[in-house]
Amino acid sequence: MARSIVILTGAGMSAESGIATFRDSDGLWENHRPEDVATPEAFAADPDLVHRFYNARRRQLTDGVVAPNAAHVALARLEHELDGDLLLVTQNIDDLHERAGSANVLHMHGELLRSRCRACDSVSEFRGDVDASTRCPVCGTEGEMRPHVVWFGEIPLGMDQIFTALERCDVFAAVGTSGNVYPAAGFVQMARAAGAHTVELNLEPSWVNTDFEETRLGPAGTVVPQWVDEVLGA
Ligand code: BJW
């Protein structure tokens, strides 16, 4: 029977690829307070600090060291072999889902390899460092480029498409996300209200774990391929 699946991924998805999560003890925000780097106000107050934070993370993506792990590969396989449709909504700004072969990926919190011009609102691919003197490749304005990411207080991307998919799905799975940040943390409730089966795959139960009908605990690189085998075998 054809099925409709929505998968939400978070930082835990990429942890085994060597990309730090946000809130774990060795996470990205051990060294940076969120309000210092992940708000529009922080960027306005200290653009150099924010550019340095994102430049370092961008270099990690482009220096050839990080690569998709078994969980990314399994979700790409699920998309291609499923008799039905799959929307992969990721909160991650890395490109590891695409590198693993996933095609229907929605980056609701933006993408690290793209930058946005605050003067003309264009979004351009940027693989190198960005700083206060970077020119917009579209309008030529200097000093108005910012990371194409969604900070606290900003509206996540693709919400209409996500809400429509959640209303129609019959399976909703969340992988490696702590359930701290909304609206993503509320997707499970929307999917359940629409009648979907809901499953959490995580190293530890998330803040919204009790909203899920099923939980599978373990590293994403182990539990996601097992779950995908079961879904495709069913
Ligand atoms: C493993 C693993 C392994 C480890 N295997 N698992 C009060 C109440 C409710 C909401 C609000 C409120 N006050 C304000 C709000 C809204 C606010 C919000 O949620 N604030 C909270 C702090 C309360 N949200 C917003 O402002 C959002 N916008 C918004 O709401 O607009 C209004 C609107 C919505 C909808 C329609 C229309 C209008 C914007 C949020 C933007 C978040 N941005 C960031 C930064 C992005 C750029 C960047 O990457 O730098 O997104 S913050 C950061 O958190 C990042 C992440 O995507 C996001 C979620 O983090 P994630 O992925 O869950 O990571 P961690 O570290 O928290 O968890 C890791 C998990 O992995 C853990 O569970 C581990 O167990 C697990 N793990 N290793 C499997 N090997």
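This is a short talk on the ligand site, the cavity, an aromatic pair and two backbone details of one structure.

Hi everyone, and thanks for coming. Please keep in mind throughout that this is a predicted model.

Let's start with the ligand. There are 37 residues around the ligand, and R23, Y54, R57, S178 and Y182 come nearest. Sorted by type, that shell has 19 nonpolar, 12 polar and 6 charged residues.

Now for some polar contacts. In R23, a polar side-chain atom sits 2.7 Å from an oxygen atom of the ligand. N202 also offers a polar side-chain atom, in this case 2.9 Å from a ligand oxygen. With A11 the backbone is involved: one of its N or O atoms is 2.8 Å from an oxygen atom of the ligand. How much of the ligand's accessible area does the protein cover? On its own the ligand has 1,500 Å², and the protein covers 77% of that. As for secondary structure, α1 (12-15) and α4 (47-62) are the elements that give two or more residues to the shell.

Next, the cavity. The count comes to 1 cavity of 30 Å³ or more. The volume of the largest cavity is about 90 Å³. Its lining is made up of 15 residues, and those nearest the centre are L8, T177, A184, A185 and V208. By type, the lining divides into 10 nonpolar residues, 4 polar and 1 charged. Both β7 (171-175) and α8 (187-193) supply at least two residues of this lining.

While we're at β7 and α8, look at the loop between them, because that is where DSSP runs place P183. The peptide bond leading from Y182 into P183 is cis, and omega is near 10 degrees. You'll remember Y182 from the ligand shell, where it was listed among the residues that come nearest.

A second backbone detail is at D121. This residue is not a glycine, yet its phi is positive, about 70 degrees. You can find D121 in the loop between β4 (110-117) and β5 (123-125).

Last topic: aromatics. The structure holds 4 aromatic pairs, and I've picked out F43 with W151. Why is this pair called tilted? The ring centres are 5.4 Å apart and the planes meet at 40 degrees, so F43 and W151 count as tilted. F43 belongs to helix α3 (residues 40-45), while W151 is in the loop between β6 (145-149) and α7 (159-168), so this pair ties together parts 108 residues apart in sequence.

That's my tour, and I'm happy to go back to any of it.

Notes: Residues are numbered from 1 along each chain as its sequence is written. This is a predicted model: local features need pLDDT of at least 70, side-chain atom pairs count only at pLDDT 80 or more; totals for chains, interfaces and linings use all residues. Side-chain values use heavy atoms; hydrogens and water are left out. On a 1 Å grid over the protein atoms alone, a cavity is a set of points where a 1.4 Å probe fits but cannot get out, and a pocket is an open set with protein on both sides within 12 Å along at least five of seven lines; lining residues have an atom within 4 Å of a point. Grid points are joined across faces, edges and corners, and a volume is the space filled by probe spheres set on the points. Helices (H or I, at least four residues) and strands (E, at least two) are DSSP runs, numbered from the N terminus. Ala, Val, Leu, Ile, Met, Phe, Trp, Tyr, Cys and Pro count as nonpolar, Asp, Glu, Lys and Arg as charged, and the others, Gly among them, as polar. A residue is near a molecule or strand if one of its heavy atoms lies within 4 Å of it. A polar contact is a pair of N or O atoms within 3.5 Å; within protein, one must be able to donate a hydrogen and the other to accept it, and residues adjacent in sequence count only if both atoms are side-chain atoms. Accessible areas come from the Shrake-Rupley method with a 1.4 Å probe; for residues, only the protein chains shown count as cover. Rings of Phe, Tyr and Trp (its six-membered ring) pair if their centres lie within 6.5 Å; planes under 30 degrees apart count as stacked, over 60 as edge-to-face and the rest as tilted.
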